[in-house]
Every structure is written in structure tokens, then in C-alpha cells.
Amino acid sequence: MSQDTLAYEEALRIVLAASVRLPAEDGAIAACLGRVLAADVTTTTALPPFDNSAMDGFALSGDANPVTAGTELDIKGEQAAGDGVVRAHGGAWEIMTGARMPDGLDRVIPVEQTERLASAARIRLLADVAHGQNVRTAGSDVPHGETVLAAGTVLAPQHLMLLAALGVAKVFVTHRPRVAVLCTGRELVDDPAQALAPGQIRNSNGPFLAARLPLAGAEVVHIETVGDDVSAFESALRRALDAGAQVIVSSGAVSMGRYDFVPQALEHIGAKTLFHKVAIRPGKPLLFARLPGDALLFGLPGNPIAVAVGLRFFIEPALRVMLGLPKETPRRAPLAATYKKNVRLRFHLKSRLHIDSQGRLAAEVLDGQESYRIRPLSDANAWVVVPADVDALPSGALVDVYGPGHLEFPLPHESLA
Ligand SMILES: Nc1nc2c(c(=O)[nH]1)N[C@H]1C(S)=C(S)[C@@H](COP(=O)(O)OP(=O)(O)OC[C@H]3O[C@@H](n4cnc5c(N)ncnc54)[C@H](O)[C@@H]3O)O[C@H]1N2
Ligand code: MOO
């Protein structure tokens with residue numbers, strides 16, 4: 001490894017040290033899907049809020065436990081979901097699922113375990129019914145005063161269901177990191193309707209980053225494509241900062257070519273480059289800098305898979321710090337086949353986690369690992385990481401597996417074999 005090429009772990013340490021946890025704000029729960037809780041949520045209400053029936057049937061009470069089959073009772077009233085407080089004095093009350101239990105009654109018999117007697121206002125029980133049977137008691141799901149969600153929870157639909165049920169209108173959530181995306185290269189065409197001139201290609205890194213960053217908890221505040229000159233890039237940087245970007249992600253122009261101007265532009269605006277080149281594949285020419293004013297810049301190499309790896313293994317860990325999330329722990333899975341590499345770099349491999357015919361999980365490293373090959377990324381559902389100092393792994397060896405994004409665990413595909 002050349003002297004100026006950092007080991008991944010050292011580069012990541014620099015990124016994490018430069019990343020600062022963001023403050024928190026109140027958010028309306030309808031707008032909080034995917035946001036990270038900055039404080040525990042403790043309830044001031046209970047769930048269910050009142051004793052209610054789990055069945056359509058008849059509510060009753062009894063000194064005997066159980067009230068036995070064959071007992072006959074007069075029907076004294078009816079209670080539907082939404083009806084308020086009523087007081088019952090014995091007998092049976094026709095009750096609907098979810099209806100508040102009449103005060104004084106303590107059990108429910110389902111309608112199909114009863115028989116209407118000829119008078120129609122009287123029933124006979126066809127089964128025993130014990131104290132508390134088919135009654136959902138107040139607080140049995142969530143007791144009053146309980147902590148229901150812990151700080152650090154990434155709010156998913158099931159959490160919003162719970163918060164809605166509890167009547168929580170707002171939660172305290174960490175700010176979303178504000179990120180700008182700048183794609184460089186005069187070969188790039190943004191408009192899919194525009195025909196390509198010879199030498200041109202379509203911009204695929206921009207749409208990828210714009211789609212992946214929000215899934216990683218960030219807010220994309222600016223996105224722009226620029227040609228191959230320093231001054232256009234510097235102006236784009238200014239527009240990104242004016243839009244409030246705390247993190248700028250650029251793609252392209254960080255390698256050895258004549259038009260690889262990002263390092264030069266950074267020097268010109270007085271940015272501090274914290275590292276340039278990491279012992280990884282793909283994405284080795286990755287650059288990390290702090291701009292005047294403290295925004296962070298990740299200069300990702302332009303090859304599409306170098307962009308995906310830079311986002312997944314450098315930017316997402318930084319976003320986790322900003323969001324107040326702990327360091328990610330990889331999952332471990334057995335390799336589906338032997339793997340060999342002959343370069344002492346840390347490899348990030350487009351992979352598929354799948355379930356074999358015996359139901360066992362296996363990680364398959366896909367063909368086509370070159371950093372220009374987009375198609376295998378589209379087939380992948382996971383990243384397998386092989387450390388720099390490992391040259392060969394037998395089939396079945398446990399490897400580190402990461403989901404497509406830090407908030408997503410790969411869902412294994414069914415067997416390919
Ligand atoms: N002499 C050397 N050449 C290269 C080296 C090296 O060490 N010595 N490293 C190679 C590696 S590894 C990578 S990765 C690339 C990185 O190059 P740049 O960051 O300067 O990126 P570009 O040259 O601008 O682009 C590389 C490649 O990616 C395509 N590209 C760029 N932007 C987009 C986009 N938004 N959407 C789709 N494709 C994009 C671009 O057309 C190039 O094909 O350098 C190697 N060379
Ligand atoms: O680092 Mo580059 O992405 O290997 O081609």
C-alpha cells in the first residue's frame with residue numbers, strides 16, 4: 001500500500017470523528033416516517049383506554065365462576081363500539097366487538113355460543129363463561145406511564161400505528177442531515193429524452209444518490225450536474241452551501257486524469273482535505289474534505305459502483321453519527337462458493353443473500369464486480385465485505401454482510417440453485 005493510501009478503518013475513523021450529532025426538533029407524526037427518535041416516548045394514556053369486548057356476543061356478570069352452560073338470562077340492553085358509559089344491573093347485554101363494557105359486567109360470551117329463546121329478549125348460554133373471558137382490559141396492551149419507544153428508534157409504520165393509537169401528535173426527532181449531490185463530467189446527460197451524442201452517457205449516479213440518500217435518513221437539498229471545469233464546480237459548491245447543505249457528495253473528477261479537478265477546486269476555496277485514496281475496491285480514489293464553514297465533502301470516484309460503495313461505507317456511517325445512531329454491526333453469513341482475490345485492498349462485493357433448497361442462508365458474490373458494471377448491483381440485495389488482508393475464502397466461510405442501505409437488512413431471495 002502506498003504511503004498516501006489509508007486503510008479503510010483509519011479513513012472511517014477520520015470520517016466519524018469529523019461527523020457531529022445533529023440537534024432535534026418536534027415533528028408531527030404524519031411526517032415522521034423514517035425519522036430517528038431523539039428521546040424516549042412515554043405515554044400518558046393506556047391502551048386499550050377502557051375495558052371492551054373482544055367478541056360480538058353478550059356481556060354478563062356472575063358470582064359463579066364460571067357462569068355455566070344452560071344458564072338463562074334476560075337481555076337488558078345493547079352496547080355498540082362508540083357507545084359511552086352505561087351501568088348494568090345484571091342480565092345480559094348484547095355487545096359488539098370493541099364496545100365499552102357496561103359497568104358491572106365482567107365477561108362476554110360470543111353470540112354463536114348462545115341461543116335466543118322464543119321470547120327473543122332472553123338467551124340461554126351454550127357454553128361456560130369465566131370471569132374476564134373475551135374482555136380486553138384497559139392498559140393490557142400499554143399500561144399508563146410506560147416507555148413505548150426508545151430514543152434511537154427509526155420510525156417505521158408500526159411505530160406510527162402505536163403513536164396514533166396513543167394520540168401522540170408530535171415526537172422529538174433528530175434533524176435530517178442536509179445533503180447536496182454534485183455530478184461532474186461533460187459526458188453526462190440528465191434528460192432521458194435527449195438523444196446521446198457520440199461520447200456522451202446518461203447520468204446514473206445522480207438519480208441513484210437522490211434515491212438512496214433519503215432512504216438513509218438524509219434530506220437532499222440540492223442536486224446539480226456540472227461539466228469539467230474548476231470554476232463551474234466551485235459555483236456549484238456555493239449553490240449547494242447556499243441551499244443549506246451540511247454534506248456535499250460529488251461524483252467524478254477525483255482520480256489521475258487531466259480533468260480530475262476536485263482536489264484543485266477544494267484547495268482553491270480553502271477546504272481541508274482530510275484524506276484522498278483509501279485501500280478499498282471499488283472507490284480507491286475517494287476524497288474526504290472539510291469546507292470552510294464546516295460542511296463535509298465526500299468526493300466519490302465517478303464509476304457507478306465506486307459511488308454506491310462510497311455512499312454505503314463512508315457517507316452512511318457519517319449519517320449514522322449525525323442521526324445519533326450507534327455504529328452498524330454487520331451480519332454474518334456463509335459464502336455460497338469459494339472466493340479469491342489477489343490484491344491487498346478491502347473489497348466490497350455486489351452480492352445476493354439467498355436461501356438454498358434446505359432453507360439455509362448463503363451469500364453469493366455476483367459475477368461482474370468491475371466498478372462500471374451497474375447490472376449486477378441491480379441484481380444484488382446485499383454487500384459482502386472481504387478485509388484487505390484476506391486472500392481466499394472457502395465455500396461456507398462466514399463473511400460480513402451489509403444490507404443495501406444502513407437502515408435495510410437484505411431480504412434473502414429464494415434459492416437460485
Ligand atoms: N491512471 C489512473 N486512472 C484511473 C485510476 C488510477 O488510479 N489511475 N483510478 C481508476 C478508478 S479506480 C476510478 S474509480 C476512476 C475514478 O475516476 P474519477 O473519480 O476521476 O471519475 P471520472 O473519471 O469522472 O469518471 C469515472 C467513470 O465514471 C463515469 N461517470 C462519472 N460520473 C457518472 C455519472 N454521474 N453517471 C454515470 N457514470 C458516471 C465516467 O463516465 C467514467 O467512465 O478512475 C480510474 N482511472
Ligand atoms: O475504485 Mo474504481 O471504482 O475501482 O474503478
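User: What does helix H4 lie across, and how does its direction relate to that of S16?

Analyst: Helix H4 (residues 230-242) lies across S13, S16 and strand S17 (247-251), and its direction makes an angle of about 165° with S16. Contact here is judged from C-beta atoms placed from the backbone, which must lie within 7 Å of each other, while angles run from 0 to 180 degrees between N-to-C directions, along axes fitted to C-alpha atoms, for helices over the stretch in contact. This is a predicted model, in which local features need pLDDT of at least 70 and side-chain atom pairs count only at pLDDT 80 or more, whereas totals for chains, interfaces and linings use all residues. Residues are numbered from 1 along each chain as its sequence is written, and chains are lettered from A and ligands numbered from 1 in the order in which they are written.

User: Which helix packs on the sheet against S17 and S21?

Analyst: Helix H6 touches S17 and strand S21 (296-300), and its direction makes about 160° with that of S21. The labels follow DSSP runs, numbered from the N terminus, with helices (H or I) of at least four residues and strands (E) of at least two.

User: What makes S16 and S18 edge strands of this sheet?

Analyst: The sheet is open and mixed in its pairing, with six strands in the order S16-S13-S17-S21-S20-S18. Two strands pair if DSSP finds at least two bridges between them, and strand S16 (219-226) and strand S18 (272-276) each have a single partner strand, so one side of each is left without a neighbour in the sheet. The twist averages 15° from one strand to the next.

User: How do you know that S13 and S16 are paired?

Analyst: Strand S13 (residues 178-184) shares seven bridges with S16 in the parallel sense, and since the requirement is at least two bridges, the two strands count as paired. Within this pairing, valine 179 is opposite valine 220 of S16.

User: What is the strand order of the sheet that contains S7 and S8, and why do these two stand at its edges?

Analyst: This open sheet of six strands, also with mixed pairing, has the order S7-S4-S6-S5-S9-S8. Strand S7 (107-110) and strand S8 (114-116) each have a single partner strand, so one side of each lacks a neighbour in the sheet. The twist from one strand to the next averages 40°. Strand S4 (residues 57-60) runs antiparallel to S7, to which four bridges join it, and phenylalanine 58 faces isoleucine 109 in S7.

User: Why is the packing of H3 and H6 called roughly parallel?

Analyst: The axes of helix H3 (residues 205-215) and helix H6 (residues 304-323) are 10 Å apart and make an angle of about 20°. Angles under 35 degrees count as roughly parallel, over 145 as roughly antiparallel, 65 to 115 as roughly perpendicular and the rest as oblique, so H3 is roughly parallel to H6. Asn205, Phe208, Leu209 and Arg212 of H3 make the contact with Pro304, Val307, Ala308 and Leu311 of H6.

User: What surrounds the two ligands?

Analyst: Ligand 1 has 26 residues around it, of which Asn205, Gly252, Ser255, Pro301 and Gly302 come nearest, and H3 and H6 each supply at least two residues of this shell. Ligand 2 is surrounded by Arg281, Pro282, Gly283, Lys284, Pro301, Asn303, Ala306 and Ser371. A residue is counted as near if its C-beta atom, placed from the backbone, lies within 6 Å.

User: Where does proline 282 lie, and what is the omega of the bond from arginine 281?

Analyst: Proline 282 is in the loop between strand S19 (280-281) and strand S20 (287-290), and the peptide bond that reaches it from arginine 281 is cis, with omega near -10°.

Conventions
Contact = placed C-beta atoms within 7 Å.
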